[in-house]
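Hi everyone, thanks for coming. I'd like to walk you through a structure that may be new to you, so please have a look at it with me.

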Amino acid sequence: MASRNQNKPPPRTPLTKISNQDDGPNDKRRKVTTGRIMGSTAASRRRQATAVVSNRQDAAVGGNAESVNEELESVKVEFTKEEVDVLINEKIRAKKFDLKGKMEQMNELINKLKLCIKWFQSNEEEHIQELEKLKSLLESAESRCTETETAMKNKEEELNKVIAELKQNIALLQNKLAEQESLKLDAINAHKREKEAMEELEKVHASLIEEHQRAKHEIMDVNQKFASVNADHKRLQEYNKSLQHYNRQLQADVATANDSVKRIEKEKSAIVENLSTLRGHHNLLQEQLTSSKALQDEAIKKKESLGSEIVILRGELQQVREDRDRQLSHVEELNATVAKYKDTTGKSFAMLDDLTSKSNALEERCSSQTEQIQILQHQLAAANEKLKITDLSTSEIRAEFEKKNRVVSELQERLREAELQIADGENLRKKLHNTILELKGNIRVFCRVRPLLPDDSHGTDPAVAFPTSGELVGRGIDLIQSGQKYPFTFDKVFSYDASQQDVFVEISQLVQSALDGYKVCVFAYGQTGSGKTFTMMGRPEAPEQKGLIPRSLEQIFQTSQALKTQGWRFKMQASMLEIYNETIRDLLSPRSTSSDIIRTENGGSGKQYAIRHDANGNTYVSDLTIVDVCSINEVSSLLQQAAQSRSVGKTDMNEQSSRSHFVFTLRIYGTNESTEQQVQGVLNLIDLAGSERLARSGATGDRLKETQAINKSLSCLSDVIFALAKKEDHAPFRNSKLTYLLQPCLGGNSKTLMFVNISPDPSSTNESLCSLRFAARVNSCEIGIPRRQTIRPLESSRLSCG
């Protein structure tokens, strides 16, 4: 039994488990225990505990184990790993049958193990307490970090607000500084003018002083002569007194002397009168000089006005000649385009001609049948008369009458079939028209070059050229800069002599798509003074110079009236807005003034407009004025109202520069009463503000802010175009009000056309090159396929305008 107990392994205790788990040197508990058991105090305590255990062996054997345990608990002992291993692996060394020695050794070992276990438990409790303290410290540190982060964020927001306020103050101070500098320059110029006037006055005053001094010298000479004459007269009197007895002989001499004195006095008075007349003459000469200068200025002004009138008359004469030549060339171009159009759309027109010929044949048959019916009716009347006279049977006549009725019903059915074929032909025409536009490209780009103006640089050739032969005639343009040629190709290029009608003919089919139920967008892009507003609006008071907007509306109303015969009824709604300094402004609102814009920008109580897009790709602006229109006259009055409300300013590049983006929207709702088909189309006509460089425009103050806002929105538009051209997953439409408003036109299912307007002035080649490159990128964009929009059945009240 003893041998079996000796060979048995020691019992598993928590201490042995922990010692088995301590495999590596990186264990935290081992490090802590190893650190704590270093030093002489640990060794002394360990020796003391061993001594206590050895001294109390007998007491433990005799039954006083509890007192021994209390004494062991009172002694605090620390162990090392090696000591723990030795204690666990310690074996009882006694004789084979010495049970008492074995019991004593067992009790000693048990006491040592109890001390080790208690030491381990105390260390574990201390570790747990330290972990809890560390957790609490970590939580407090994290709370302090979060508090500091929130405080730093608040400080950052406050600093950002302060920075924004400082930027606004800096902008205001810069504007004030610019105003003060302008006032200072005006004051300096006025001071210079006053100084020059003072110098002229001083010169005149000096000349008058010199003349006055000369007159004084002349008076002094006369006085001296008079004094000498008086002295001579006194001497003669004294001589006369001394020689009175001899005076009788010299009376004749005295008389002559008196005469000479009188003559001298007369000469003195004459000299004084001459002096006064000289002064008056001098004043008259001064007045004549000023009047002659004024007359000279008036003559110069008249000369300049006459010269300008002569130039205007020459220009008008030249314009009349150019108009005559343009009309002749326009007739030739129209003939050529008609021939091309017949060649390209010959099939569709052949089908339409077949359908029209069939319908005409049916109509002729119908008319012939009606004539036959009339003849038969006459024959029936004659038969009735004959029936009265003769004894013919009425059954045969009734049979013939029923046959004729059947023929009439058959003809009516054929007429209905012909009308259905005509409707099918109209639908086929619309499909062919839309396929032609889709083949041409969803975003089409037209380029238009305005003629040279009197304000442009003269004496140099235009900076643009057009191909005269080959496939690029009418589609190519070459920009010449510093002797280098930059070629570009677009869907259509209009030269200097292209009229408004020539331009509109090319987009008339696109405008027709709005009546067919499609979304259509036409916008003009280019630098300031390149002719965008003239292209879009023109001069409505002159019929030949009307722009695309009034011509498009005239075509829509004329076509809607013509479609009435096919059962179509239309309702149209118009709205007009402008984007000024990234602020939407309603041009049809009665309170849309510039003061509203300034109040809104300064944080006042201006109306806020929001852009919204629905699931169908339609765009709406909240609180925008929408007007029902039934005629072209109503739309013309609205266009005049919008033109008066639009923001226009003067810069060095253009006297009447558009300072905002103008957007005209016409919503078209149509229904066919016979086929119950409904469509909804949208026509967007946009006149963008011109891009300009601050160095050339010379904009300051409000004009500077407008220029910065315009260039920013156009830069956002170019970013969107670049993203679409590269087919990126995200296009930054929300970076600007303009791009967000144009999102359905640029990235949706709309038929879009862009006009890029170019100035031929050589001084504008940099801006023209940027515009042409941007247009080329736009022409390479591919957007969604246009879809026809259908709507729910409309009430009769909604289509009251017809």
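I'll talk about one strand and its partners, then salt bridges, then a single asparagine, and finally a patch on the surface. Please keep in mind that this is a predicted model.

Let's begin with strand S7, which covers residues 568-580. Is this strand mostly covered or mostly open? Mostly covered: 12 of its 13 residues are buried.

Which strands pair with S7? One is S14, residues 661-672, which pairs with S7 in the antiparallel sense over 12 bridges. In that pairing, Arg-569 stands opposite Thr-671. Another is S11, residues 627-629, again antiparallel, with 3 bridges. There, Gln-573 faces Asp-628. Then we have S8, residues 583-586, joined to S7 by 4 bridges and also antiparallel. Tyr-580 has Thr-583 as its bridge partner in S8. S7 and S8 make a hairpin with 2 residues between them, and Asn-581 in the turn has a positive phi of about 55°.

Now for the salt bridges; the structure holds 7. Two of them involve the strands we just met. Arg-569 forms a salt bridge with Glu-673, with the closest N and O atoms 3.9 Å apart. Why might you want to find this pair in the viewer? Arg-569 lies in S7 while Glu-673 sits in the loop between S14 and S15, so the pair ties together parts that are 104 residues apart in sequence. Arg-569 is partly exposed, at 24% relative accessible area, and Glu-673 is exposed, at 56%.

Glu-578 forms a salt bridge with Arg-585, and here the closest N and O atoms are 2.7 Å apart. Both ends are covered: Glu-578 is buried at 0% relative accessible area, and Arg-585 is buried at 6%. Elsewhere, salt bridges with shared partners join Glu-322, Asp-323 and Arg-326 into one network.

Next, please find Asn-684, in strand S15, residues 678-687. Is Asn-684 buried or exposed? With a relative accessible area of 15%, Asn-684 counts as buried, because the cut-off for buried is under 20%. Its side chain makes a polar contact with the side chain of Thr-665, at 3.0 Å. Asn-684 also touches other residues distant in sequence, including Val-520, Phe-664 and Cys-745.

Last stop, the surface. Leu-131, Leu-134 and Leu-137 form a nonpolar patch there, with about 320 Å² of accessible area together. To find the patch, look for Leu-131 in helix H8, residues 99-242.

Thanks for listening!

Terms used:
Residues are numbered from 1 along each chain as its sequence is written. This is a predicted model: local features need pLDDT of at least 70, side-chain atom pairs count only at pLDDT 80 or more; totals for chains, interfaces and linings use all residues. Side-chain values use heavy atoms; hydrogens and water are left out. Patches are made of residues with over 30% relative accessible area and no salt bridge: like charges are joined within 9 Å, nonpolar side chains (Val, Leu, Ile, Met, Phe, Trp, Tyr) within 5 Å. Accessible areas come from the Shrake-Rupley method with a 1.4 Å probe; for residues, only the protein chains shown count as cover. A salt bridge is a side-chain nitrogen of Lys or Arg within 4 Å of a carboxyl oxygen of Asp or Glu. Buried means under 20% relative accessible area, exposed over 50%, partly exposed in between (1.4 Å probe, protein chains only). A polar contact is a pair of N or O atoms within 3.5 Å; within protein, one must be able to donate a hydrogen and the other to accept it, and residues adjacent in sequence count only if both atoms are side-chain atoms. Contact means heavy atoms within 4.5 Å. Two strands pair if DSSP finds at least two bridges between them. Lists of a residue's contacts leave out its neighbours within four places in sequence.
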